[in-house]
Amino acid sequence: MPAAEPAALFPVQVQYVEARDNGDGLVATALSAHLHTLQSQPGFLGAELLVSPAQPGLLLIASRWACPAPQLALPAGAKSWVFEVQESRGAVSSE
């Protein structure tokens with residue numbers, strides 16, 4: 001059995017921020033601005049702003065942290081969840 005990856009090689013926490021845009025682009029703009037603020041926070045490893053063609057208007061930020069995710073103010077109407085990484089496979093982009 002191969003040796004396990006050291007825990008320090010993958011994020012300690014993954015934070016998801018979810019919001020729904022009603023088509024005027026205001027929520028998308030607010031989430032984009034929130035995404036921009038994340039990169040200056042300690043422990044930030046990377047994040048993406050995601051949209052789903054199957055769920056129009058649903059936006060999600062997925063961010064990875066080498067420490068506990070910061071408790072930042074969220075855009076109006078957004079919800080947030082934090083998960084701890086228990087296992088990891090493959091490469092995770094930090095771009």
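So, in what order do the four strands of the open sheet come? Going across, you read β2-β3-β1-β4, and the pairing is antiparallel. Quick reminder before I go on: this is a predicted model.

Okay, the edges. Those are β2, residues 44-51, and β4, residues 79-84. Each of them has a single partner strand, so one side of each has no neighbour in the sheet. As for twist, neighbouring strands are turned against each other by 15° on average, if you ignore direction.

Let me zoom in on one pair. β2 and β3, the latter being residues 58-65, run antiparallel and are joined over seven bridges. If you want a spot to click on, Leu50 stands opposite Leu60 in β3.

Now the helix. α1 covers residues 26-38 and packs on the sheet, where it touches β1 (13-20), β2 and β3. Its direction makes about 5° with that of β3.

I also like a sanity check on the helix length. α1 has 13 residues, and at 1.5 Å a residue they should span 18 Å. The end C-alpha atoms are 19 Å apart, which agrees.

Which residues of α1 are buried? Leu31, His34 and Leu38. Looking down the axis of α1, the buried residues fall within an arc of 55°, so they line one face of the helix. And what do they pack against? The buried residues of α1 sit against β1, β2 and β3. Flip to the other side of α1 and you find Leu26, Thr29 and His36, which are exposed.

That's my tour; happy to rotate the view if anyone wants another look.

Key: Residues numbered from 1 in each chain as written. Predicted model: local features only at pLDDT ≥ 70, side-chain atom pairs only at ≥ 80, totals over all residues. Heavy atoms only, no water. Pairing = 2+ DSSP bridges. Helix = DSSP H or I, 4+ residues; strand = E, 2+ residues; numbered from the N terminus. Axes fitted to C-alpha atoms, helices over the stretch in contact; angles between N-to-C directions. Contact = heavy atoms within 4.5 Å. Expected span 1.5 Å × (residues − 1). Buried < 20%, exposed > 50% of the residue type's maximum accessible area, 1.4 Å probe, protein only. Arc of directions from axis to C-beta.
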